[in-house]
Amino acid sequence: RLDQPPTGLKPARFGDSSKLQIGDIVLAMGNPLGLTGSVTDGIVSAVGRAVTEPAGDGSPGATLPQAIQTSAAINPGNSGGALVDLSADVIGVPTLAAISPQTGGSAAPGIGFAIPSNVVTDIAGQLIANGGHVTNSRRAALGIGAVTVVDQNGHPAGVAVGSVVPGGPAAAAGIKPGDVITAVNNTPVQSSAELSEVLAGVNPGQAVPVTVVDPQGKTSSVTVTLGQ
């Protein structure tokens, strides 16, 4: 009961995720598959991953920048738990397990992802300070509705602009519905997932070149000042 909090509990302490190194031992704590208070262990396999979660089950999907990759087993129910180092500091929040097409869409063993603690404390701090609002997402936006287009062989070949946010970054640069984006910030993008990953690596307000093919097949480069 909220009016009778248990005694003897101490709040978790958040650590500095920027100090994580590959090979650090970590523990993932949560309720995987409804098994309350479960703990799994592993190492930090990588840092700074940009991971795309596909749309489904009413979710529009999302791209997580700067994610921590860990070999600690993460399953449904771990999300929102704690990724803890050996100093008992929370250095991440488990969020996503990699899905392997080779295993019929099931979770790939030993590949899970967590949001870094520094991102968590930044966003949570903004929510607390601003009455539940995030004032700086630190996430760049192009200002379009996009879908992957394929070539005659069925391979991803770019990102078709289905809609443009009026007054948004793409609109200001002259990008129109029907255009196909093939590169952003000099990085080729062949799918909407790749576009999301590129945008996860740049900053709001940054001016980046965008390669566009119009419906007549003409290729041009425009500079887009990214929004948030």
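1. Start at Leu195. In this predicted model, Leu195 makes contact with Leu142, Ile144, Val159, Val184 and Val189, once its neighbours within four places in sequence are left aside. Leu195 is also one of the buried residues of helix 3.

2. Which core does Leu195 belong to? Leu195 is a member of the largest nonpolar core, a set of 20 residues. The members that touch the most others are Leu142, Ile181, Val184, Leu195, Val210 and Leu226. Strand 9, strand 10, helix 3 and strand 12 (207-213) each give two or more residues to this core. There is a second, separate core, with 10 residues. Val26, Val44, Ile91 and Ala114 are among them. As a general point, nonpolar side chains in soluble globular proteins tend to be buried together.

3. Now helix 3 itself. It covers residues 192-200, and its buried residues are Leu195, Val198, Leu199 and Ala200. What do these buried residues pack against? Their partners are strand 3 (38-53), strand 4 (62-70), strand 8 (144-150), strand 9 (156-164), strand 10 (180-184) and strand 11 (187-188).

4. Two of those partners pair with each other. Strand 8 and strand 9 run antiparallel and are joined by seven bridges. Thr148 has Val159 of strand 9 as its bridge partner. Val159 is also one of the contacts of Leu195. The two strands form a hairpin with five residues between them. In this hairpin, Gly154 has a positive phi near 85°.

5. Strand 6 deserves its own point. Is this strand mostly covered or mostly open? Strand 6 (residues 89-100) is mostly covered, with 10 of its 12 residues buried. Strand 1 (residues 13-14) runs parallel to strand 6, with two bridges between them. Strand 5 (residues 82-85) runs antiparallel to strand 6, again with two bridges. Strand 7 (residues 106-116) is antiparallel to strand 6 as well, and seven bridges join the pair.

6. Look at single positions along strand 6. Val90 stands opposite Phe14. Val90 also stands opposite Val84. Further on, Ala97 faces Gly112 of strand 7. Strand 5 and strand 6 make a hairpin with three residues between them. Ala88, in that turn, takes a positive phi of about 70°.

7. Why does Val39 count as partly exposed? Its relative accessibility is 49%, so Val39 falls in the partly exposed class, where the upper limit is 50%. Val39 lies in strand 3. Leaving aside neighbours within four places in sequence, Val39 is in contact with Leu27, Ala28 and Met29. How far is Val39 from Val208? Their C-alpha atoms are separated by 43 Å, and the two residues are 169 residues apart along the chain.

8. Last, the whole chain. The secondary structure comes to three helices and 13 strands. The C-alpha atoms fill a box of roughly 70 × 45 × 35 Å along the principal axes. Of the 228 residues, 32% count as buried. Among contacts with a separation of 6 or more, 50% come from residues 24 or more positions apart.

9. Surface and charge close the note. The accessible surface is about 12,800 Å², and carbon and sulfur atoms hold 56% of this area. The chain has 9 positive and 14 negative charges. The mean positions of the two sets are 8 Å apart.

How values were computed: Residues numbered from 1 in each chain as written. Predicted model: local features only at pLDDT ≥ 70, side-chain atom pairs only at ≥ 80, totals over all residues. Heavy atoms only, no water. Helix = DSSP H or I, 4+ residues; strand = E, 2+ residues; numbered from the N terminus. Buried < 20%, exposed > 50% of the residue type's maximum accessible area, 1.4 Å probe, protein only. Contact = heavy atoms within 4.5 Å. Areas by Shrake-Rupley, 256 points an atom, 1.4 Å probe, with all protein chains shown as cover. Lys, Arg positive; Asp, Glu negative; His and termini not counted. Charge placed at Lys NZ, Arg CZ, Asp CG, Glu CD. Core = buried A, V, L, I, M, F, W, Y, C linked by side-chain atoms within 4.5 Å. Pairing = 2+ DSSP bridges.
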